[in-house]
Amino acid sequence: MNQSEPSLIREIEALKAMYVALNGNDIAGVVSLHAPDFEWIEPADFPGGNSRYGRAEFEAHLRKMRGMWAEGTCEPERFIPADDKVVVFVHVHVRLENETAFREGDMADVYTFRDGKVTNGRVFTDRNEALRWAGVEGSQAID
């Protein structure tokens, strides 16, 4: 990041707190970081995957999805600033209700910020795709 780009330090700290809230089932804590006109996009093949618009719709979706967890976490591993976006590499380790095995994998979430609030969030199962979508230069891409 060069000196002319805005710092995303506060936004990254807020995202760290958001993942703590998610793992603690504090849905209000997760939603508080988002703008009223927030848009959330998950891959269509995810359980309940689709687009959600606005805090209320996102909160209802999040409560339903988080309510399906018997146990587990979504642990952020790396935060990569990119203009008004932050790419978060996340390791998911979750056991759903009525399942004995954990679902586990590496993903990336990309958050777009405006005035300190998240206006858009997207989930990617391919971390390099997330980096490309966020406009991160190839040197930060992973193999």
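Which residue caps the N-terminal end of α4? In this predicted model, the cap is Asp126, which places a side-chain oxygen 2.8 Å from the backbone nitrogen of Asn128. The other end of the helix has a feature of its own: just after α4 comes Gly135, with a positive phi of about 80°.

Between those two points, helix α4 covers residues 127-134, and its buried residues are Arg127, Asn128, Ala130, Leu131 and Ala134. Looking down the helix axis, these buried residues stay within an arc of 155°, so they line one face of α4. What do they pack against? The partners of the buried α4 residues are the strands β3, β4, β5 and β6.

Next comes the nonpolar interior. Nonpolar side chains tend to be buried together in soluble globular proteins. Here, the largest nonpolar core has 30 residues, and the members touching the most others are Leu15, Val86, Val88 and Tyr111. Many parts of the chain chip in: at least two core residues come from each of α1 (9-23), α2 (27-31), β1 (34-41), α3 (54-67), β3 (69-82), β4 (85-96), β5 (103-114) and β6 (117-124). Leu15 gives a good feel for how this works. Leaving aside residues up to four places away in sequence, Leu15 touches Leu33, Phe79, Val86, Val88, Tyr111 and Phe113. Apart from this core sits another one, made of eleven residues, including Ile80, Val87, Phe89 and Phe124.

Then there are the aromatic rings, which form six pairs in the structure. Take Tyr19 and Tyr111: their ring centres are 6.5 Å apart and their planes meet at 80°, so this pair is edge-to-face. The pair ties together distant parts of the chain, with Tyr19 in helix α1 and Tyr111 in strand β5, 92 residues apart. Are these two tyrosines buried or exposed? Tyr19 has 3% relative accessibility and so counts as buried; Tyr111, at 2%, counts as buried too.

Phe38 and Phe58 make another edge-to-face pair, with 4.8 Å from centre to centre and 65° between the planes. This pair also joins distant parts of the chain, since Phe38 belongs to strand β1 and Phe58 to helix α3, 20 residues apart. Both Phe38 and Phe58 are buried. Ring pairs bring these residues into one cluster, which links Tyr19, Phe38, Trp40, Phe58 and Tyr111. Tyr111 thus turns up twice, as a member of this aromatic cluster and as one of the core residues that touch the most other members.

Technical notes:
Residues are numbered from 1 along each chain as its sequence is written. This is a predicted model: local features need pLDDT of at least 70, side-chain atom pairs count only at pLDDT 80 or more; totals for chains, interfaces and linings use all residues. Side-chain values use heavy atoms; hydrogens and water are left out. A nonpolar core is a set of buried Ala, Val, Leu, Ile, Met, Phe, Trp, Tyr and Cys residues joined through side-chain atoms within 4.5 Å. Buried means under 20% relative accessible area, exposed over 50%, partly exposed in between (1.4 Å probe, protein chains only). Helices (H or I, at least four residues) and strands (E, at least two) are DSSP runs, numbered from the N terminus. Contact means heavy atoms within 4.5 Å. The arc is that of the directions from the helix axis to the C-beta atoms. A polar contact is a pair of N or O atoms within 3.5 Å; within protein, one must be able to donate a hydrogen and the other to accept it, and residues adjacent in sequence count only if both atoms are side-chain atoms. Rings of Phe, Tyr and Trp (its six-membered ring) pair if their centres lie within 6.5 Å; planes under 30 degrees apart count as stacked, over 60 as edge-to-face and the rest as tilted.
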